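Colleague: Could you take me closely through the surroundings of one bound molecule in this model?

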Amino acid sequence: MERPGRLLLLSELRVGNAACDVSLCRSLLTWKRRSSSGPVYHPFRPSVSHSVSVSEIISVREEEESRGRDDGSWKKIKEREGKDCRLAFTVLYVERRQQHRWRCAEVTFTCPEGALRQHWVGSIREQLAAIASRPKHLLVYINPCSGKRKGKRIYEEKVAPLFAQAGVATQVIVTERANYARDHLRTEAELKKFDGVVCVGGDGMFSEIIHGLIWRTQMDGGVDPDSPDEALLPGSLRIGIIPAGSTDCICFATVGANDPVTSALHVIVGDSQPMDVCSVHHNSTFLRYSVSLLGYGFYGDVLTDSERKRWLGPARYDLSGVKMFLTHHYYEGTVSYLPARGIKGTPRDAARCRSGCVVCQHNGEQLSEKPERYEVDEASDSENDSEWRTIRGKFLAINAASMSCACPRSPKGLSPAAHLADGTTDLILVRKCSRFDFLRHLLRHTSKDDQFDLTFVEVHRVRRFRFTPRYCQSNSDLDMRENGKHQLFSQICRDHPACGCAPAYSSWNCDGEILTHTAIDVRYRDPLGASSRILVEFLTQEEFIFSFLNLNTFSFCSLFPRVHCQLIKLFARGIEEPMVFEDLPNPCAI
Ligand SMILES: Nc1ncnc2c1ncn2[C@@H]1O[C@H](COP(=O)(O)OP(=O)(O)OP(=O)(O)O)[C@@H](O)[C@H]1O
Ligand SMILES: CCCCCCCCCCCCC/C=C/[C@@H](O)[C@H](CO)NC(=O)CCCCC
Ligand SMILES: [Ca+2]
């Protein structure tokens with residue numbers, strides 16, 4: 001029962017034809033039909049109560065007589081009820097639908113007198129204004145080329161009206177080229193003016209935003225993003241994703257749906273979901289950040305192949321997926337990893353990362369409370385350290401999933417028990433096996449069966465890992481020149497299958513972007529270290545050869561990813577547990 005001291009307002013108002021007891025407490029707006037009201041008194045029908053948390057109210061508006069609906073229904077209501085519409089106000093709020101979708105519902109209350117309406121509207125607005133986490137000014141980037149190229153329309157038709165209703169001001173930028181948003185955030189955007197950044201697009205667009213924001217934060221804070229040992233500074237701006245892409249994996253895994261209206265509502269109510277970010281390095285060179293999948297082998301090859309089929313839209317992944325499955329390439333090399341210690345959770349848990357996840361909370365606190373220990377541990381990390389484990393073999397896929405990677409194609413994701421914000425990534429190794437077995441593994445991503453319960457699959461929860469393809473194992477940049485040539489020719493052979501030469505290298509799929517030599521451009525600002533200079537020199541030669549042969553992929557030999565716990569925050573709350581039956585909204589309630 002609500003303590004009387006917390007009750008702000010209690011009135012008898014009408015909702016449609018029904019008289020209702022309406023109350024506003026500090027956190028709840030409730031309206032309950034009086035059991036004797038309505039056209040027919042029904043002694044056995046229980047009076048129905050609705051409650052909306054103030055935190056999920058989008059806005060409140062005063063109804064105007066002139067706010068005409070086309071059919072003049074306001075006039076009809078007025079005549080029917082004998083009421084003055086100027087005494088009515090409407091509350092817009094979040095309503096939960098199936099499959100984690102949210103919609104904007106509304107309820108109109110009619111007051112017996114104008115002063116009471118003012119009191120109600122004023123009180124609700126005051127409550128909303130007191131919610132500090134709600135964004136008031138957003139910077140919005142729209143990728144007009146994402147997915148089915150509907151980003152602009154989705155924003156204008158579904159999202160902008162909601163932001164306007166909620167009084168959220170926006171500066172909207174339609175990108176003119178790839179990396180436009182990233183570069184704008186890095187150099188030009190006046191970030192102090194905004195409470196958050198929203199991207200309309202797919203995972204690639206989200207990736208641009210985090211690259212821009214994380215870079216800017218490190219520059220402003222004097223942190224060297226190249227160093228794999230330096231702790232990165234968390235940014236202050238939250239990021240919203242309005243899904244309009246082909247996979248929308250980050251949106252799906254943080255909200256539970258890839259639905260623009262749902263995502264817009266999560267932004268409006270000011271949700272906050274921390275997320276891990278994996279920084280990928282080659283020696284002392286930063287390459288890219290990843291929040292979802294860092295994949296070598298199958299997913300690298302699917303992505304490389306699908307990029308040539310962009311014109312097909314989202315279907316390109318299906319076609320390339322089948323093609324690369326039939327091709328059945330495996331890659332030889334060494335995986336080393338640093339198992340995550342002192343944390344809760346394993347990749348084989350039945351429990352899932354859900355809204356308010358205790359595993360993420362626990363591990364996040366653990367890492368923030370003991371940063372020194374974490375740093376000391378990391379400083380002593382080396383391949384000789386007994387903590388590091390090494391596996392050599394032939395692999396069809398090497399995947400690191402920093403979160404589940406759930407998406408419409410695979411609703412439970414690549415690593416169903418992975419966590420959004422626990423400071424770890426799940427390293428999944430799929431060893432060479434028959435096509436039939438690999439198909440069993442892949443198909444289990446779409447069913448309830450456990451994709452890890454197979455002899456040729458292993459999964460480890462790690463903080464850092466390294467993969468070195470066999471032909472790079474000398475691991476020296478100078479040797480990379482020779483290996484680069486090897487890579488170059490195996491690439492040619494891949495494109496000319498008649499010669500029967502299997503490629504020695506795959507590409508890295510980093511959140512749906514191929515890790516190419518162009519990744520290196522983000523680090524030119526600093527004086528280069530000696531080994532990096534050799535690498536860049538090498539890359540420049542390769543760039544020339546690649547562009548001459550029109551080949552655009554390049555695989556870095558040894559990659560060194562490291563997870564940064566809860567580095568960024570999204571306008572999301574994690575996937576909510578399904579509601580119990582009684583909580584479901586009853587459309588016939590009043
Ligand atoms: N104006 C633009 N013209 C061309 N490309 C752009 C433009 N703006 C952004 N891009 C690039 O388009 C690429 C794909 O965008 P995005 O990720 O939004 O869609 P998608 O690939 O269809 O979806 P997903 O990543 O979910 O599979 C990104 O790499 C992004 O950098
Ligand atoms: C023979 C076929 C059997 C079918 C098996 C289906 C298995 C589906 C697993 C889906 C895993 C999605 C991983 C998500 C990765 C994203 O970070 C990335 C960016 O959007 N998307 C891709 O790389 C796009 C990669 C899409 C791969 C299908
Ligand atoms: Ca994680």
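**The shell around ligand 2**

Modeller: The shell around ligand 2 takes at least three residues from each of two domains, domain 3 (282-471 + 502-507 + 558-566) and domain 4 (472-501 + 508-557), with bounds that come from an automatic or database domain assignment. This is a predicted model, in which local features need pLDDT of at least 70 and side-chain atom pairs count only at pLDDT 80 or more, while totals for chains, interfaces and linings use all residues. Residues are numbered from 1 along each chain as its sequence is written, chains are lettered from A and ligands numbered from 1 in the order in which they are written, and side-chain values use heavy atoms, with hydrogens and water left out.

Ligand 2 is surrounded by 14 residues, the closest being Asp203, Thr247, Ser292, Asn509 and Asp511, where a residue counts if one of its heavy atoms lies within 4 Å of the molecule. By class, the shell holds 6 nonpolar, 5 polar and 3 charged residues; Ala, Val, Leu, Ile, Met, Phe, Trp, Tyr, Cys and Pro count as nonpolar, Asp, Glu, Lys and Arg as charged, and the others, Gly among them, as polar.

Turning to individual atom pairs, a polar side-chain atom of Asp203 lies 2.5 Å from an oxygen atom of ligand 2, and for Ser292 the corresponding distance to an oxygen atom of the ligand is 2.9 Å. In Thr247, a side-chain N or O atom is 3.3 Å from an oxygen atom of ligand 2; a polar contact is a pair of N or O atoms within 3.5 Å. Of the 700 Å² of accessible area that ligand 2 has on its own, the protein covers 89%, as given by the Shrake-Rupley method with a 1.4 Å probe.

Methods. A polar contact is a pair of N or O atoms within 3.5 Å; within protein, one must be able to donate a hydrogen and the other to accept it, and residues adjacent in sequence count only if both atoms are side-chain atoms.
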